[in-house]
Amino acid sequence: MTESGGRETARPADASDASAAGGMFSVNAGGHQLLLPATAMASLRSGAADPSEYDTTALAESQCGLAAPAAVKKQPGQSDYQLGRLTINTLGDDGNPTPQVVLLTNLDNQNLARPFLVTWGGSGRIAVPEGHYAAILWRYDSATKYRFVIDPDFTVTDGTAITLDLRTATVTAQPPTTPRPSVLESTSLGIAAGDGGGTRASAGDWLDYFNLTSTPATFGFNPTEPVKHGKFAVSPAYEFTSPADAADPYQYHVVEPFDHVPAAFPATVDQASLATVTRNYNAPGTDRQVLSANTAATRWDGTSGLFGLHGLSEVTLGASRKEYFTAGKDLIWLTILDGTSTGWDEMSTSPRSYTPGEHITENFFSGAQHPGVRLGSDGAAVICAACSTAGQLQFNIYPFNDNTPGTVAVQDTVPTGQSESTSLQLLRNGTEISSSLTAPLLTSATVPSGRARYQLVEKTDRAVTTLPLSPSSQTTWTFTADPGHGPAVPANWSCVDGSGDCSPLPMLFAYYDTDSSLTNSLTPGPHTLHLDVDHQERSVAPAVTGAAVSLSYDGGATWTPAHTTGGNGRFSARFTAPATGGDGYVAVRVSAWDGAGNRIDQTVLRAYQEQETSQ
């Protein structure tokens, strides 16, 4: 332990040391975190001793005086900061001091300070870097009733004191009325505060609550003004589903985002504020259930790449329904489909926004399943999927994609007795330089300096009874790279190694689908496969100039070329599925290339069923 001037005065036994005295433990009391000998526990439990007897900070203040905190050095290259002593008082419903948990965040640079403390006796003291802060007190009244008292923007200097009073939580957020009749499925809440830096290390997400029952949950707040420093958002969210007797199922994903706590939250949902999305949940059968999470964040918070868990509901695969989303350019949505309980993939979209009044279609689990990557759409933070830095190639490629750019999946749980395997090979100028039995997901390979021609080969095989389609894929990416040279990724992106000092590689990624049914089945006869090919985001490369598509109806033993037309990354391939003579499935092979010779060659077996079958 040290004095405020930094001189060492005493050193307690190592808290992890199992000494005869029993080591040390910590406890919060009297506004301080105390370090006590383990032998004191029995006295504290019996009431023979009081925690304040061990409060060396209080002893120093009363007998020696306590100098103002000194300036503290931050990390190398950063400026110093000054600590200031902050007192937080908390009052209960009767106006008297009451112990509460309070969370703080620094609105100038939340990486500096994001602590919490317990106000034992209704008051707590803490030393934090001086600057602008937000504080929140939360109170659990019941399983469906929560209250929050927020001071979203105050300045800390040495000696600052604030008061959080539960009696001021007079504004209630509760489920609104939807335009069409609906049944409440769940209620959730997101509260965000921070510097708004928009990076993974500086995320605004602060508190998240969700109630998975249909019993309406309510949230009480004190009204606040918009902040002048940093960012703040409060976002009650609600999931509604159509009544059981509805002819066509539909769902509402409603969020009420505000940059402050208003005098009142909306009581009804305005139809004009919604986007209408027809969602097709494809499957090789109609009896599969997955858990759907549709979560939204304000743009400044969502671009950090971190989202709270909201909007939980069940989805039947092999079905289609209308879904209504709260829309707006400042609201970013993320969808996660989790099929762990039935052996399905865990699939998630890249963040995106909707426009009020728009009507669009989205597909899940559609067509051939093959490797895919996240996209930095709508300014969201991502880990670069294919980048280089001096001496390294770095990859963050997911094993599965459903032909919607930016949607990625992993096999979350492989059922007992079934299997999944992936292998990876990297060649430089035709010579293998590394290989592994893993997917290129958050992986790096050491490479020599200098410009060279590379090939990355990924093979994925799985035997999962609930996923009879796309059991095997092989992808070869051919590209030229000069590691350590090239434009850097955007400021809110990160590299696999956690830095921001990497350059996107000109690797190609393909997305393709045809007019199959919701069970990914093809009727005998003519069809058209639509193929879109794009480079890794932010890479520098010429246009995609050519493509070729072949189909196999005998498990890949023989291949029939399709008539392929198009250019500039957009192609169409016409083919005819036979009525008889095949193995009951359609395999797909695609190739595409650009003007510099970068290319992708990909094969997926059993991409489609040849005809409708009962699952």
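Q: How many disulfides does the count come to in this predicted model?
A: Happy to start with the sulfur atoms of this predicted model. One disulfide joins Cys384 to Cys387, and another joins Cys495 to Cys502. The count comes to two disulfides.

Q: Which pattern do the disulfides of the chain follow, with bonded cysteines counted along the chain?
A: Cys384 is bonded to Cys387, and Cys495 is bonded to Cys502. Counting the bonded cysteines along the chain gives the pattern 1-2, 3-4.

Q: Is the link of Cys495 and Cys502 right-handed or left-handed?
A: The sulfur atoms of Cys495 and Cys502 lie 2.1 Å from each other. For comparison, the link of Cys384 and Cys387 has 80° about the S-S bond and is right-handed. The link of Cys495 and Cys502 has -95° about its S-S bond, and that makes it left-handed.

Q: Does Cys387 count as buried or exposed?
A: The cut-off to keep in mind is that buried means under 20% relative accessible area. Its bonded partner Cys384 has 2% relative accessibility and counts as buried. Cys387 has 1% relative accessibility, so this cysteine counts as buried.

Q: Why is strand S33 largely enclosed by the rest of the structure?
A: Strand S33 covers residues 472-481. On the pairing side, ten antiparallel bridges connect S33 with strand S32, and seven antiparallel bridges connect S33 with strand S42. Strand S33 is largely enclosed because the number of its ten residues that are buried is eight.

Q: Which residue in S42 is the bridge partner of Thr478?
A: S33 and S42 run antiparallel, and S42 spans residues 599-609. In S42, the partner of Thr478 is Arg599.

Q: Which strands are the edge strands of the open sheet of eight strands?
A: The sheet has the order S30-S29-S32-S33-S42-S41-S37-S38, with antiparallel pairing. An edge strand here pairs on one side only. At one end S38 is joined to S37 by two bridges. The edge strands are S30 and S38.

Q: How many bridges join S36 to strand S40?
A: Strand S36 is also joined to strand S35 by six bridges, in an antiparallel arrangement. Within the pairing of S36 and S40, Asp532 stands opposite Arg570. S36 and S40 run antiparallel, and the number of bridges joining them is eight.

Q: Which side chain meets that of Asp534 in a salt bridge?
A: Asp534 stands opposite Phe509 in the pairing of S35 and S36. Its salt-bridge contact, at 3.3 Å from N to O, is with Arg570. The pair links distant parts of the chain, with Asp534 in strand S36 and its partner in strand S40, 36 residues apart. At 31% relative accessibility, Asp534 counts as partly exposed, and its salt-bridge partner is Arg570.

Q: How many residues apart in sequence are the parts that Arg85 and Asp158 tie together?
A: The closest N and O atoms of the salt bridge between Arg85 and Asp158 are 2.9 Å apart. Arg85 lies in strand S4 and Asp158 in the loop between strand S9 and strand S10, so the parts tied together are separated in sequence by 73 residues.

Q: Does Glu362 count as buried or exposed, given its relative accessible area?
A: Glu362 meets Arg352 in a salt bridge at 3.6 Å, N to O. Arg352 has a relative accessible area of 28% and is partly exposed. Glu362 has a relative accessible area of 12%, so this residue is buried.

Definitions and conventions: Residues numbered from 1 in each chain as written. Predicted model: local features only at pLDDT ≥ 70, side-chain atom pairs only at ≥ 80, totals over all residues. Heavy atoms only, no water. Pairing = 2+ DSSP bridges. Helix = DSSP H or I, 4+ residues; strand = E, 2+ residues; numbered from the N terminus. Disulfide = S-S within 2.5 Å. Buried < 20%, exposed > 50% of the residue type's maximum accessible area, 1.4 Å probe, protein only. Salt bridge = Lys/Arg side-chain N within 4 Å of Asp/Glu carboxyl O.
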